[in-house]
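Open the model in your viewer and keep the selection tool at hand. The stops below run from the ligand outward.

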Amino acid sequence: MRLENKIAVVTGSGSGLGKAIAMRFADEGATAIVVDVNEQNMTSAVADIEARGGKARGYRVDVADQRALRDFMEELIGTHGRIDILVNNAGITRYRAFGAVGPEDWDAVLGLDLKAVFFCAQAASSYMVRQQYGKIVNISSSLGTGTTPHVGSLSAGAAAPYASAKAAVIQLTQILARELGPSGINVNCVAPGFFLTPLTGSARSPQEVEEHIRVRTEMAVLRRAGKLEELANAVLFLASDESSFITGETIRVDGGRTDRM
Ligand SMILES: NC(=O)c1ccc[n+]([C@@H]2O[C@H](COP(=O)([O-])OP(=O)(O)OC[C@H]3O[C@@H](n4cnc5c(N)ncnc54)[C@H](O)[C@@H]3O)[C@@H](O)[C@H]2O)c1
């Protein structure tokens with residue numbers, strides 16, 4: 001067991017990649033703290049983890065809401081006494097035609113995909129510093145390291161807020177690594193390529209989803225979408241003591257994206 005008795009918070013773990021990460025952590029002996037704004041998904045993720053014999057606790061939290069975040073962290077520490085691992089996974093896209101991208105799209109996407117990453121790390125690290133131990137893993141995206149053609153009605157510029165936030169998360173990872181390293185906290189990042197999750201279908205018509213899958217599959221030298229557990233395995237490595245001398249790093253888990261090779 002690689003995470004025996006660790007308290008591991010995964011934001012946005014009611015579905016998709018976050019849920020796969022929480023499950024993997026629980027398989028390795030951690031208590032998975034399932035944090036999600038969607039209560040139904042959060043509850044069913046906890047039930048699924050427990051059905052496999054894992055330990056999990058669910059919290060319905062909008063992590064972009066400062067007050068809710070602070071209350072959650074206090075409650076968590078009150079109950080568990082510590083926080084060993086934080087995975088900043090919660091994220092949204094707001095793809096629109098380039099000309100239709102508005103300020104509210106920037107605010108919503110940056111509010112969660114960038115600002116909340118900082119404030120979750122700030123809140124969790126205040127406890128980790130006292131422990132002189134902690135692992136923070138931020139989830140970026142292949143769109144944070146390269147531009148890609150979009151499909152259907154969505155041109156490359158549709159992803160401007162999302163890609164900008166995800167690129168900033170890579171730099172923020174290095175800033176946090178420098179800030180927190182002297183306190184025994186490792187901060188790293190994973191940049192996923194293409195994985196089929198509910199996010200894939202958001203803001204796309206069924207035809208666009210089909211085209212998106214085709215294009216993304218062709219863009220990876222492994223010629224397929226990633227499996228959720230393949231992403232979870234990389235996050236597990238960075239959350240465990242096996243990566244104890246790695247910090248400020250970003251691992252791409254993207255099947256060898258041709259737009260960057
Ligand atoms: N799926 C992919 O191919 C892919 C590729 C690159 C990066 N990513 C990134 O991986 C992460 C997970 O994506 P996914 O594909 O699993 O998406 P998803 O939509 O399946 O899951 C995201 C989860 O976050 C939750 N969430 C949304 N807003 C929240 C908030 N304010 N507070 C708390 N929880 C909130 C949602 O309810 C959902 O359960 C995201 O950061 C995403 O940008 C995904």
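Helices (H or I, at least four residues) and strands (E, at least two) are DSSP runs, numbered from the N terminus. Asp-48, for instance, is in helix α2, residues 39-51. This is a predicted model: local features need pLDDT of at least 70, side-chain atom pairs count only at pLDDT 80 or more, and totals for chains, interfaces and linings use all residues. Residues are numbered from 1 along each chain as its sequence is written, and side-chain values use heavy atoms, with hydrogens and water left out.

**Stop 1: the ligand**

Select the ligand and its shell. A residue is near a molecule if one of its heavy atoms lies within 4 Å of it. The ligand is surrounded by 26 residues. Leu-17, Asp-36, Asn-89, Tyr-162 and Thr-197 are the closest.

Now show the polar contacts (pairs of N or O atoms within 3.5 Å; within protein, one must be able to donate a hydrogen and the other to accept it, and residues adjacent in sequence count only if both atoms are side-chain atoms). Start at Tyr-162: an N or O atom in its side chain is 2.5 Å from an oxygen atom of the ligand. Next, Ser-15 places a polar side-chain atom 2.9 Å from a ligand oxygen. Phe-195 uses its backbone instead: an N or O atom there lies 2.8 Å from an oxygen atom of the ligand.

How much of the ligand's accessible area does the protein cover? On its own the ligand has 830 Å² of accessible area, and the protein covers 91% of this. Such areas come from the Shrake-Rupley method with a 1.4 Å probe; for residues, only the protein chains shown count as cover.

The ligand sits in the largest pocket. Pockets are found on a 1 Å grid over the protein atoms alone: each is an open set of points with protein on both sides within 12 Å along at least five of seven lines. A molecule sits in one if more than half of its atoms lie within 2 Å of its grid points. Color α1 (16-27), α5 (160-180) and α6 (198-201): these are the elements that give two or more residues to the shell around the ligand.

**Stop 2: Ser-13**

Go to the loop between β1 (7-11) and α1, where Ser-13 lies. Is Ser-13 buried or exposed? Buried means under 20% relative accessible area, exposed over 50%, and partly exposed in between (1.4 Å probe, protein chains only). Ser-13 counts as buried, because its relative accessibility is 0%. Its side chain reaches the backbone oxygen of Val-10 at 2.6 Å.

**Stop 3: the cysteines**

Select Cys-120 and Cys-189. How many disulfides are there? A disulfide is a pair of cysteine sulfur atoms within 2.5 Å. By this rule the count is zero. The closest cysteine sulfur to that of Cys-120 is in Cys-189, 15 Å away, so a bond is ruled out by distance. Both sites are buried: Cys-120 has 1% relative accessibility, and Cys-189 has a relative accessible area of 0%.

From Cys-189, draw a C-alpha distance to Gln-171. The two are 18 residues apart along the chain and 9.7 Å apart in space. Gln-171 lies in helix α5. Gln-171 is partly exposed, at 45% relative accessible area.

**Stop 4: two positive phi angles**

Most residues other than glycine have a negative phi. Select Asn-5, where phi is near 65°. Asn-5 is in the segment before β1 and counts as exposed, at 55% relative accessibility.

Then select Gln-132, with phi near 55°. Gln-132 lies in the loop between α4 (103-131) and β5. At 47% relative accessibility, Gln-132 is partly exposed.

**Stop 5: three C-alpha distances**

Begin with Lys-6, also in the segment before β1. Lys-6 is buried, at 19% relative accessible area. Its partner here is Ile-83: 77 residues apart in sequence, 7.6 Å apart in space, C-alpha to C-alpha.

Move to Gly-134 in strand β5, residues 134-139. Gly-134 is buried, with a relative accessible area of 0%. The C-alpha atoms of Gly-134 and Ser-44 are 27 Å apart, with these positions 90 residues apart in sequence numbering.

End at Asp-48, which is partly exposed at 31% relative accessibility. Asp-48 and Leu-199 are 151 residues apart in sequence and 20 Å apart in space, C-alpha to C-alpha.

Terms used:
1 Å grid on protein atoms, 1.4 Å probe; cavity = no way out; pocket = protein on both sides within 12 Å on 5 of 7 lines; lining within 4 Å.
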